[in-house]
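Biologist: I would like to learn how to read a model of this kind, feature by feature. Could we go through it together?

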Amino acid sequence: MAVSDVSFEVREGEIFGLIGPNGAGKTTTMECVEGVRRPDHGTISILGLDPFRDVYRLQNRIGVQLQQAQLQKRIKVWEAVDLWASLYSQAVDRNQLLGQLGLEGKRNAWFMTLSGGQKQRLFIALALINDPEVVFLDELTTGLDPQARRAIWDLVRAIRDRGKTVFLTTHLMEEAERLCDRVAIIEHGAIVDIGTPEELVARHCPARTVVLATENALAEECLRSLACVNAVERQDLRFTIHGLGDEFVSDVIDCLAENRIRVTDFRTVIPTLEDVFLKLTGRSIRD
Amino acid sequence: MLRGLWKLTWLEIKIFLREPLGAIGSIVFPVLIFVVVGRSFGGRLTPGAPPLTGFLRVGLPVLAAVLIPLTEVLSLIAIIAIYREGGILKRLRATPLRPQTILTAHVLAKLAVTVATLVLMALAGRRYLPIGVNVPIWSFALAVLVSTWSILSIGFVIASIVPTARFAQPIGTLILYPMLALCGLFIPLGAMPRPLQVVAHLLPLTYAVSLLEGIWKGETWRAHAGDVAALVIIFAVCTALCAKVFRWE
């Protein structure tokens, strides 16, 4: 069984991310909501519809981008967009859509000649052609270079800013952190936690770290005396200070200032969603 | 339900013709062979020359009208299998398109190619093989459509379940070519042993050949109502079956 205990609510107008290691059940969950896979148990309601029973009505109102999808090798970009537009009861302006996705120059190109990023943008165009109320994006930037990825993030934000709801899966934590309003972490077919990226970091990885370098001999003693500091590691002139709480970094700075300790290096290490992810889903390698 | 059917059909025809072997292999080549063979024998074959006439007058056109749909079926099975393997069907599934629409579009596209090939052959053949002075060409065309549609519907079912493109071709060949041997075109049904006759009457191709032969010879549709009924039943059963067993991935 791929998915056993999954319960969540996606709010209107937000970007909701489902994150988890490979094989955790992201795609299975998403396919059940899209109506292309029938769950054995449980209830799903989307836009007030039952995704399996009302699948054709639902599909008219949602847009879907699938993981590893392909089109006919020799279909032209405009032909694909034109076909898709004819399948729905309403469609947006095709030329404008191709323009928004930077594909106007590729109108007459065969699908097989497009680059990975262009194919992905075409799939996003197809997902948006019917002006959907909810857009599903499954691993949309996997395998793309950083430029293409950033361009696609902007596109997704633009979708939300037009009032649409976006439901996406990803295993890139940077993507989830920068893009999602809320994320759910899924592991072995069950949801481990849900919240905004900031909430999840605060809840699961409250520890903060400051790394600094100083020649001042008093530094170690001063830093150790701070209440919020848990541990200080020293390596020659470099100190790594571990602490807890929102005040920790300010307290360290205040301490340095009061004692007139001059530093040659200072940086903070703030935990990210990736740290939360590794903490909640373990470090072993998945298939 | 048929939303997108015409667009998809037209698109599939265009995509097919863009394949390197699409137009050449299925339209130009058969017609070319026909013309070359016609040129080399054309002068010597007169309508009165026995015993070749029987086959040339009736058998050859019927064989062409059956063989071409059979190759179309094989190509249909292969295309659907490639679409399934490549995730194209999966992508189409996440739209309001239904499997029947997808298959119907492919059948219409294949019919169009079949008709184009046969028409070109007929035009090319008119010069070299002076058969068919009194052939009811429109009736025959209709019979070709009916039998092709029915033969293609068997392809539907095979295409619905064949898992990979690699297996599509051999499985299709295995199912379709034995039908050709028993369809009554090469050995008259009456000359077969009884058990084989029974088998032959279970095969759709037998009815297609009977209908095409009859219409070509100038027999009435009424005389072949049984054949038409059998072909329609085969089509209906196969269509219903494929809606049940169609695999998207």
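Modeller: What follows moves from the whole chain to a sheet, a chain contact and two loop residues. This is a predicted model, in which local features need pLDDT of at least 70 and side-chain atom pairs count only at pLDDT 80 or more, while totals for chains, interfaces and linings use all residues. Residues are numbered from 1 along each chain as its sequence is written, and chains are lettered from A and ligands numbered from 1 in the order in which they are written.

Biologist: How many helices and strands does chain A have?

Modeller: Helices (H or I, at least four residues) and strands (E, at least two) are DSSP runs, numbered from the N terminus. Chain A has 11 helices and 10 strands.

Biologist: Which strands form the open sheet, and in what order?

Modeller: Strands of a sheet pair through backbone hydrogen bonds, either parallel or antiparallel. Two strands count as paired if DSSP finds at least two bridges between them. In chain A, 4 strands form an open sheet in the order S8-S9-S7-S10, with antiparallel pairing. Strands S8 (229-235) and S10 (263-269) of chain A stand at the edges with a single partner strand each, so one side of each is left without a neighbour in the sheet. From one strand to the next, the twist averages 15°, where axes are lines fitted to C-alpha atoms, for helices over the stretch in contact, and angles run from 0 to 180 degrees between N-to-C directions.

Biologist: Over how many bridges do S7 and S9 of chain A pair?

Modeller: Strand S7 (residues 207-214) and strand S9 (residues 238-244) of chain A pair over 7 bridges, and A:Val210 stands opposite A:Ile241 in S9(A).

Biologist: Which residues make up the side of chain A that touches chain B?

Modeller: Contact requires C-beta atoms, placed from the backbone, to lie within 7 Å. By that criterion, 21 residues of chain A are in contact with 18 residues of chain B. The largest share of that side of chain A, 6 residues, comes from H3(A).

Biologist: Where does A:His188 lie, and is A:Arg260 buried or exposed?

Modeller: A residue is buried if 20 or more other C-beta atoms lie within 10 Å of its own, exposed if 12 or fewer, and partly exposed in between, with C-beta atoms placed from the backbone. A:His188 lies in the loop between strand S5 (182-187) and strand S6 (190-195) of chain A, and A:Arg260 is exposed, with 8 other C-beta atoms within 10 Å.

Conventions: Two residues are in contact if their C-beta atoms, placed from the backbone, lie within 7 Å.
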